[in-house]
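Thanks for coming. I will go through one model, helix by helix, and finish with the pocket.

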Amino acid sequence: MGLFPLVHGYAAAVTFLVLAGIFNIAFTSMAQALVQILAPPGLRGRVVGLFNTSMLGLRAGSGVTVGVLGAVIGIEWSLALSAAAVVAVAVGLLIADVRARPAH
């Protein structure tokens, strides 16, 4: 999604969106499987429900923020900043996870 605002041709834009859709399906499938496998059996239904609600709710919220920000600074910059924010949060969570793990 970070590269999508940089393209100006229809074919390249559709190609990026198709690739994003494929990666989205792969990510969602893997994440759902991990949630189901790692959730305690007694809480599995609740954890899966919370996971799905969070995924769909955050996706709807990001549409509003990208849209509002896009109206202010332009849609290309809005998408680029949103993509950078996702990467920054992911890197931050990875660093926090690595630091929380005990040294072997």
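Helix 1 buries A13, A31, Q32 and V35. These buried residues pack against helix 2. This is a predicted model, so I will come to confidence shortly.

Take Q32, which lies in helix 1. Is Q32 buried or exposed? Its relative accessible area is 16%, under the 20% cut-off, so Q32 is buried. Setting aside residues up to four places away in sequence, Q32 touches V48, F51 and N52. Two of the residues in that list, V48 and F51, are themselves among the buried residues of helix 2.

On geometry, helix 1 has 29 residues, and the distance from its first C-alpha to its last is 41 Å. The expected figure at 1.5 Å a residue is 42 Å, and the value in the model is close to that.

Now helix 2. Its buried residues are V48, F51, V66 and G70. What covers them includes helix 1 and helix 3. How does the span of helix 2 compare with what its 30 residues should give? At 1.5 Å a residue the expectation is 44 Å, and the end C-alpha atoms are 42 Å apart, which agrees. After helix 2 comes G74, with a positive phi near 105 degrees.

Next, helix 3. Here S78, L79 and A83 are buried, and they pack against helix 2. The helix has 26 residues and reaches 37 Å from first C-alpha to last, close to the expected 38 Å at 1.5 Å a residue.

Two residues of helix 3 are worth setting side by side. S78 lies in this helix, and its relative accessibility is 0%, so S78 counts as buried. Leaving out neighbours within four places in sequence, S78 is in contact with T65, V66, L69, G70 and I73. Of these contacts, V66 and G70 are also on the buried list for helix 2. A80 is found in helix 3 too. With 29% relative accessibility, A80 falls between the 20% and 50% cut-offs and so counts as partly exposed. For a sense of distance, A80 and I37 are 43 residues apart along the chain, and their C-alpha atoms are separated by 34 Å.

That brings me to the pocket. The largest pocket has a volume of about 1200 Å³. It is lined by 28 residues, and those closest to its centre are M1, S62, S82, A83 and V86. A83 has already come up, as one of the buried residues of helix 3.

Which helices supply the lining of the largest pocket? Helix 1 (10–38), helix 2 (44–73) and helix 3 (75–100) each supply at least two residues. Helix 3 gives the most, with 9 residues. By character, the lining divides into 19 nonpolar residues, 8 polar and 1 charged.

Last, confidence. The mean pLDDT of the protein is 87, and 99% of its residues reach 70 or more. Which elements have the lowest and the highest mean pLDDT? Helix 2 has the lowest, at 85, and helix 1 the highest, at 91. Where pLDDT is low, the predicted coordinates should not be read in detail.

To recap the packing: the buried residues of helix 1 pack against helix 2, and so do those of helix 3.

Notes
Residues are numbered from 1 along each chain as its sequence is written. This is a predicted model: local features need pLDDT of at least 70, side-chain atom pairs count only at pLDDT 80 or more; totals for chains, interfaces and linings use all residues. Side-chain values use heavy atoms; hydrogens and water are left out. On a 1 Å grid over the protein atoms alone, a cavity is a set of points where a 1.4 Å probe fits but cannot get out, and a pocket is an open set with protein on both sides within 12 Å along at least five of seven lines; lining residues have an atom within 4 Å of a point. Grid points are joined across faces, edges and corners, and a volume is the space filled by probe spheres set on the points. Helices (H or I, at least four residues) and strands (E, at least two) are DSSP runs, numbered from the N terminus. Ala, Val, Leu, Ile, Met, Phe, Trp, Tyr, Cys and Pro count as nonpolar, Asp, Glu, Lys and Arg as charged, and the others, Gly among them, as polar. Buried means under 20% relative accessible area, exposed over 50%, partly exposed in between (1.4 Å probe, protein chains only). Contact means heavy atoms within 4.5 Å. pLDDT is the predictor's confidence in each residue, from 0 to 100. The expected span of a helix is 1.5 Å times one less than its number of residues.
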